Amino acid sequence: FLRIMYLESDKHYVHIHTADGEFRVRDTIRNLSPRFEGRGFAAIRASILVNMAYVTAASADEVMVNGEHLPIARTYRNDFRRRLTVFMAGGGLP
């Protein structure tokens, strides 16, 4: 889990972006999400989970992970900001 930077769904596949490259598995974010809860990951939209340890910058509408700009959906903004603040303060994810 530590080498995974973010997961992104595309129809019936999930692209797993890691420090070692990108991998594709036949699954859904909805199915995989419970496995990542409490492990430092947070949703920024229905189709993207990010590893907070790899977030290098965040604004109101996007997150930067390993140099990539990922859009934050409006409905996820407040929860993501709260989780990022707690994570950065050393509290992990609530």
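In which strand is the place of V65? V65 lies in strand β7, and the legends below begin there. The model is predicted, so that local features need pLDDT of at least 70 and side-chain atom pairs count only at pLDDT 80 or more, whereas totals for chains, interfaces and linings use all residues. Residues are numbered from 1 along each chain as its sequence is written, and side-chain values use heavy atoms, with hydrogens and water left out.

**View 1. Surroundings of V65 in strand β7.** Strands (E, at least two residues) and helices (H or I, at least four) are DSSP runs numbered from the N terminus. V65 has a relative accessible area of 0% and is therefore buried; the cut-offs are under 20% for buried and over 50% for exposed, with partly exposed in between (1.4 Å probe, protein chains only). Leaving aside residues up to four places away in sequence, V65 touches M5, Y6, V50, Y54, V55 and L70, a contact being heavy atoms within 4.5 Å. R3 is 62 residues from V65 along the chain, and their C-alpha atoms are separated by 13 Å.

**View 2. Strand β7 and its partners β6 and β8.** In a regular strand, side chains alternate between the two faces of the sheet. In β7 (residues 62-65), V63 and V65 form the covered face, while E62 and M64 form the uncovered one. Strands count as paired if DSSP finds at least two bridges between them. Strand β6 (residues 55-58) runs antiparallel to β7 and is joined to it by 3 bridges, with V55 opposite V65; a hairpin of 3 residues connects the two strands. On pairing with strand β8 (residues 68-71), β7 is again antiparallel, here over 4 bridges, and E62 has P71 as its bridge partner. The hairpin between β7 and β8 has 2 residues between the strands, and N66 in the turn has a positive phi of about 55°.

**View 3. Strand β5 between β1 and β4 pairings.** Both faces of β5 (residues 48-51) are covered: I48 and V50 on one side, and L49 and N51 on the other, are all buried. Strand β1 (residues 4-10) pairs with β5 in the antiparallel sense over 3 bridges, and E8 stands opposite I48. The antiparallel pairing of β4 with β5 has 4 bridges, with A42 opposite V50. A hairpin with 2 residues between the strands links β4 and β5.

**View 4. Aromatic rings and charges over a ring.** The structure holds 1 aromatic pair. The ring centres of F36 and F41 are 4.8 Å apart with the planes at 70°, so the pair is edge-to-face. Rings of Phe, Tyr and Trp (its six-membered ring) pair with centres within 6.5 Å; planes under 30 degrees apart are stacked, over 60 edge-to-face and the rest tilted. F36 is buried at 6% relative accessibility, and F41 is buried at 3%. R24 lies over the face of Y13, 4.0 Å from the ring centre, and the charged end of R26 sits over the ring of Y13 at 5.4 Å from its centre. Such a placement requires NZ of Lys or CZ of Arg within 6 Å of the ring centre and within 35 degrees of the ring normal.
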